[in-house]
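Here is a short set of questions and answers for a first look. Keep the structure in view as you read.

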2 protein chains.
Amino acid sequence: MKQILIAGTVAFDEVTTPFGHSGKMLGGSATYLSFASAFFDNHIGIVSIVGNDFPEDFIKKFTGRNIDITGLFQSEEHKTFYWKGYYYENMNKRDTLVTEVNALAYFNPVIPENFNAPDILVLGNLHPGIQAQIINQLKNQPELIVLDTMNFWMDHAWDDLIKVISRVDLIMINEEEARQLSHEFSLPKAARAIMNMGPKYVIIKQGEYGSMLFHPGGVFSAPALPLEVVKDPTGAGDTFAGGFAGHLSYYDQIDVEALKNAMIYGANLASFTVQDFGTNALENITKKEIQERLNHFVEMTKFSLQMKKHEV
Amino acid sequence: MKQILIAGTVAFDEVTTPFGHSGKMLGGSATYLSFASAFFDNHIGIVSIVGNDFPEDFIKKFTGRNIDITGLFQSEEHKTFYWKGYYYENMNKRDTLVTEVNALAYFNPVIPENFNAPDILVLGNLHPGIQAQIINQLKNQPELIVLDTMNFWMDHAWDDLIKVISRVDLIMINEEEARQLSHEFSLPKAARAIMNMGPKYVIIKQGEYGSMLFHPGGVFSAPALPLEVVKDPTGAGDTFAGGFAGHLSYYDQIDVEALKNAMIYGANLASFTVQDFGTNALENITKKEIQERLNHFVEMTKFSLQMKKHEV
């Protein structure tokens, strides 16, 4: 059984979308990452920090999923990271209304002994210096280190970011971030430039359009399922990354074929996350629903060109 | 051998893109549509109008591809439709600098007798009233009528557009147009609303992200090949539609599987069009290059989920 160590935030989120107001709810990258990873047969631990106001009920959501919280530090002096956002009509644009960093400002990750040699390390969106500190504490090189980051760190911690990128196997970013990081507009050129910074694999997230995996042998493109309803996009990227890493638990060898399938499973879980507020969908979907949507994806992408039959 | 009748504009285009200035060149929807259709084994005729300044050399580009120009009317009094545009850095935004409608204002399509019972009719972007006039002149119902249109007609000729939409089998539009036409934001909902207006099939073009076919049994999504260089997006949509219709020549029965393959061939040709100015790529690509890129597409989209092996 593979061991996956997940680092990221555990937070309170509050969003308003065209579908309503969420109220204060459980959020944070490590939350979505670990909840999504936990759908697969593996052993997951998180490294994160919460504040003195973090409720026992929320802690139980992790432990109830067999997520090891030895690495979840609870601050006695500070409150939990809090983010409040407002999504516009088309949901691709959002404004941050409030960010209270609180306990996260004092996050000094300590990897517990039982998780210091994970098979897979997922570095959720955090300061790249913190991400590096986590790698530094590992006893062995994992089979795969996955890094998620965002434009904010390109603007504010470029040197640290470049350093940590050089130490990971796979980076996940969106299109605009790939362009900003590489100074290339064309995505294949951007991916190649990023591979030259260190990672063997680059996954470019394209939101409602799907995602692309650039690997040493080429590219794989997975469209997204078109959805009838999107209620709250928060956590979509983290759910994708978590489902991705979680599904890799099933492979003895993490090769391109495994990564391709993992993208499909990650995207599948993310498609549920956005259809309800916060972690509601991840907490409530059934294996049957997941399987049905996978079948739908296979159906949606299936074709068979009869190329031999025709010249063009 | 299938007969395809194509209606649209034949024009002079002039564009400036980040890659340079094209000078005055051959353009227009019927040009791209017919050049792309002509890659397949079929019999193509166009219905369009040009002016007294349209050069013999350009005429020969059609006849040299065995495109029947009996339906191409040449005005003695007016000049050829002329469009001049400027593309911004990311190429998704363009400004129209000059539009001289010229002879097109007097376009009164007359379908020649040898093309009044085509197997496939492609109605390129034109006033929906003109598109209807063309359908009116057919002696038989074609196997497939494909309609291309744009937001301009939604703003300026709504009633005529709704009428012509009710008479076609398949409509091709981009995302924003699908939303405007259906008053639905979600693409599956938009497609369903448009199907309720008449067409059995709706293809939503998503540019660099690919395209989706909504059909009575579900949806097919084809990602686009990520390109290293895009020099001039002009004609991409028309090339897609032309390659799509042209490839259908190979099918005795135009069913969903045929439409899916046709989308892949259409997208393949469009990926060449955008890599050079105007019709240059369509005039110069070889069957070998087309085949190589098709192989690349198959490679890029191939996966095999081992779903039975795992529970999720």
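Q: How many residues of chain B are in contact with chain A?
A: This is a predicted model. Chain A puts 38 residues into the contact. On the side of chain B, the number is 38.

Q: Which helix of chain B gives the most to the side that touches chain A?
A: Four elements of chain B each supply at least two residues to that side: helix 7 (187-195), strand 14 (218-222), helix 9 (256-273) and helix 11 (287-301). The top contribution is 7 residues. It comes from helix 11 of chain B.

Q: Which class, nonpolar, polar or charged, has the most residues on the side of chain B that touches chain A?
A: The charged residues there number 6, and the polar ones 9. Another 23 residues belong to the remaining class. That class is nonpolar.

Q: Why can one say that the copies meet through the same surface?
A: Take the interface residues of chain B and look for them in the interface of chain A. They are also interface residues there, so the surface is the same. The share is 100%.

Q: What rotation superposes chain B on chain A?
A: In general, two copies of a chain are related by a rotation about an axis and a shift along it. Here the shift is 0.0 Å, and the RMSD is 0.0 Å. The two copies are thus related as by a two-fold axis. The rotation is 180°.

Q: What radius of gyration does chain A have?
A: Chain A has 312 residues, and a compact globule of that length would have a radius near 20 Å. The value for chain A agrees with this. Its C-alpha trace spans about 70 × 40 × 40 Å along the principal axes. The radius of gyration of chain A is 19 Å.

Q: What percentage of the residues of chain A count as buried?
A: A residue is buried if 20 or more other C-beta atoms lie within 10 Å of its own. The count runs over the 312 residues of chain A. The result is 48%.

Q: What are the edge strands of the open sheet in chain A?
A: Chain A has 11 helices and 14 strands. An open sheet of 9 strands follows the order 6-5-1-9-10-11-12-13-14, with mixed pairing. An edge strand pairs on one side only. The edges are strand 6 (67-74) and strand 14 (218-222) of chain A.

Q: Do strand 9 and strand 10 of chain A run parallel or antiparallel?
A: Strand 9 covers residues 120-123 of chain A, and strand 10 covers residues 144-148. They are joined by 4 bridges, and L123(A) stands opposite L147(A). The two strands run parallel.

Q: At about what angle does helix 1 of chain A run to strand 1?
A: Helix 1 (residues 29-37) of chain A lies across strand 1 (3-7), strand 5 (43-50), strand 6 and strand 9. Its direction is compared with that of strand 1 of chain A. The angle is about 160°.

Q: Is N66(B) buried or exposed?
A: N66(B) sits in the loop between helix 2 (56-63) and strand 6 (67-74) of chain B. Its phi is positive, near 60°, and the residue is not a glycine. N66(B) has 10 C-beta neighbours inside 10 Å, so it counts as exposed.

Q: What is the phi of H183(B), about?
A: H183(B) lies in the loop between helix 6 (175-182) and helix 7 of chain B. With 9 other C-beta atoms within 10 Å, H183(B) is exposed. Most residues other than glycine have a negative phi. H183(B) is not a glycine, yet its phi is positive, at about 60°.

Methods. Residues are numbered from 1 along each chain as its sequence is written. Chains are lettered from A and ligands numbered from 1 in the order in which they are written. This is a predicted model: local features need pLDDT of at least 70, side-chain atom pairs count only at pLDDT 80 or more; totals for chains, interfaces and linings use all residues. Two strands pair if DSSP finds at least two bridges between them. Two residues are in contact if their C-beta atoms, placed from the backbone, lie within 7 Å. Axes are lines fitted to C-alpha atoms, for helices over the stretch in contact, and angles run from 0 to 180 degrees between N-to-C directions. The radius of gyration is taken over C-alpha atoms; the globule rule is 2.2 Å times the number of residues to the power 0.38. A residue is buried if 20 or more other C-beta atoms lie within 10 Å of its own, exposed if 12 or fewer, and partly exposed in between; C-beta atoms are placed from the backbone. Copies are superposed by least squares on the C-alpha atoms of residues with pLDDT of at least 70 in both. Ala, Val, Leu, Ile, Met, Phe, Trp, Tyr, Cys and Pro count as nonpolar, Asp, Glu, Lys and Arg as charged, and the others, Gly among them, as polar.
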